[in-house]
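The following note is offered to a colleague who is opening this structure for the first time. Its points are numbered so that each may be checked against the model in turn.

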Amino acid sequence: MEITNVTEYEAIAKEKLPKMVYDYYASGAEDQWTLKENRNAFSRILFRPRILIDVSKIDMTTTVLGFKISMPIMIAPTAMQKMAHPEGEYATARAASAAGTIMTLSSWATSSVEEVASTGPGICFFQLYVYKDRNVVAQLVRRAERAGFKAIALTVDTPRLGRREADIKNRFTLPPFLTLKNFEGLNLGKMDKTDDSGLASYVAGQIDRSLSWKDVKWLQTITSLPILVKGVLTAEDARLAIQAGAAGIIVSNHGARQLDYVPATIMALEEVVKATQGRVPVFLDGGVRRGTDVFKALALGASGIFIGRPVVFSLAAEGEAGVRKVLQMLRDEFELTMALSGCRSLKEITRNHIVADWDQPRVVPRL
């Protein structure tokens, strides 16, 4: 069967993967309301396309923290990719590099920062979890910096792991032939089998629940890399992130895997964008499956978006070629959406190109 959109990879991944692995990637927290909402909320935003504009040339390029990329579509950090495919993070890094975009490597990757850096010239960011042992954190950040990673995406929504009931039922644990490669030498690379989710127990034992804004400042004393704060959903926290020296903000609800009944990220985006007042770029993570979704996020003020599950599902289905295809399909759909909306460059995408169901009825000025 020919694959014609990103969503179709999920069913193939479900067939191919062991249940424990598929459930780990696919599930959300508790009732999974936010999981569904991350997708559904996009359908409450409609287009106001402008016609008779010369769209023979379309430029999708942009810069993120000074790095030029081919399109505003980047790869979010997703853990343990070798559970999906033997090449895991290597394949994802090569696909991102071939597409001219950025990959974010998870702290909990099954390949190390050094291994991923060795795959080639692509731009990589490093997602960081803050461990109780700050020496572990400092060492990891230094390794990422030395390996040529260009930014730190600090995950701030996980003082404890959300309740993911599929993982509890499946007694989720990392398969025995894999390790959390970045922590191997620190004896933190293995996950014990428990009568719960093995990951939840690992997080409870290792991740620092006391993490606060002062640690965002501390991080800047140990690295010169820019810090993106990942997991912001409110205007208040957006303002605090800027005060704490963040170089950018990723609006994220952790793929709906942490606190259930938080809004979809596309619903939280505008509040965060308005609070930043253009001082730092804001990115959207969560629920993007179509080029139309990318356009909607940019119209609401995002500088770019990150995709997570589409990467692991396409990786499971077709390895590197699958991830390349996902990036290409999203690129093609986004380009078409721009053309049909009358936008030739990202700066031409405005709030006037969409109408959201929370907008006031609009009074259109007479020309």
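1. A term is needed before the internal spaces are discussed. On a 1 Å grid over the protein atoms alone, a cavity is a set of points where a 1.4 Å probe fits but cannot get out. The model under review is predicted. With that in mind, the second largest cavity holds about 40 Å³ of space. Its lining consists of Val6, Thr7, Tyr9, Glu10, Arg289, Pro310 and Phe313. Two elements, α1 (8–16) and α13, each give two or more residues to this lining. By class, the lining of the second largest cavity comprises 4 nonpolar, 1 polar and 2 charged residues.

2. How many cavities of 30 Å³ or more does the structure hold? There are 2 cavities of 30 Å³ or more, and the largest has a volume of about 400 Å³. This largest cavity is lined by 29 residues, and Pro77, Thr78, His254, Gly255 and Arg257 are those that lie nearest its centre. The elements giving two or more residues to its lining are α2, β11 (304–307) and α13. Helix α13 supplies the largest share, namely 3 residues. The lining of the largest cavity divides into 14 nonpolar, 9 polar and 6 charged residues.

3. The reader may next turn to a pair of packed helices. Two packed helices are described by the angle between their axes and the distance between the axes. For helix α2 (residues 19–26) and helix α13 (residues 309–341), the angle is about 155 degrees and the axes are 10 Å apart. Angles over 145 degrees count as roughly antiparallel, and α2 and α13 are therefore roughly antiparallel to each other. On the α2 side the contact involves Tyr22, Tyr25 and Ala26, and these meet Arg309, Val312 and Phe313 in α13. The residues of this contact divide into 5 nonpolar, no polar and 1 charged. Phe313, named in this contact, is also one of the residues that line the second largest cavity.

4. Is α2 mostly covered or mostly open? Helix α2 is mostly covered, with 7 of its 8 residues buried. The buried residues are Met20, Val21, Tyr22, Asp23, Tyr24, Tyr25 and Ala26. They pack against several helices, namely α1, α3 (33–40), α7 (165–169), α8 (198–206) and α13. The contact with α13 described above is thus to be read together with these other partners of α2.

5. Two residues deserve a check of their backbone geometry. Glu30, which lies in the loop between α2 and α3, has a positive phi of about 45 degrees although it is not a glycine. Met80 likewise is not a glycine and has a positive phi, here of about 50 degrees; its place is in the loop between β4 (73–75) and α4 (88–99). Which of the descriptions buried, partly exposed or exposed applies to each? Glu30 has a relative accessible area of 41% and is partly exposed, since the partly exposed range lies between 20% and 50%. Met80, at 0% relative accessibility, counts as buried.

6. Phe283 is found in strand β10 (residues 282–285). What does Phe283 touch, not counting residues up to four places away in sequence? Its contacts are Val64, Met74, Leu228, Ile249, Ile250, Val251, Ser303, Gly304 and Phe306. At 1% relative accessibility Phe283 counts as buried, because buried means under 20% relative accessible area. Gln220 stands 63 residues from Phe283 along the chain, and the C-alpha atoms of the two are separated by 21 Å.

7. The last point concerns the largest pocket, which has a volume of about 270 Å³. Its lining is made by 17 residues, and the closest to its centre are Thr155, Val156, Leu211, Ser212 and Trp213. The elements that give two or more residues to the lining are β7 (152–155), α9 (213–222) and β8 (227–232). Strand β8 provides the largest share, with 3 residues. By class, the lining of the largest pocket has 11 nonpolar, 4 polar and 2 charged residues.

Conventions:
Residues are numbered from 1 along each chain as its sequence is written. This is a predicted model: local features need pLDDT of at least 70, side-chain atom pairs count only at pLDDT 80 or more; totals for chains, interfaces and linings use all residues. Side-chain values use heavy atoms; hydrogens and water are left out. Axes are lines fitted to C-alpha atoms, for helices over the stretch in contact, and angles run from 0 to 180 degrees between N-to-C directions. Helices (H or I, at least four residues) and strands (E, at least two) are DSSP runs, numbered from the N terminus. Angles under 35 degrees count as roughly parallel, over 145 as roughly antiparallel, 65 to 115 as roughly perpendicular and the rest as oblique. Contact means heavy atoms within 4.5 Å. Ala, Val, Leu, Ile, Met, Phe, Trp, Tyr, Cys and Pro count as nonpolar, Asp, Glu, Lys and Arg as charged, and the others, Gly among them, as polar. On a 1 Å grid over the protein atoms alone, a cavity is a set of points where a 1.4 Å probe fits but cannot get out, and a pocket is an open set with protein on both sides within 12 Å along at least five of seven lines; lining residues have an atom within 4 Å of a point. Grid points are joined across faces, edges and corners, and a volume is the space filled by probe spheres set on the points. Buried means under 20% relative accessible area, exposed over 50%, partly exposed in between (1.4 Å probe, protein chains only).
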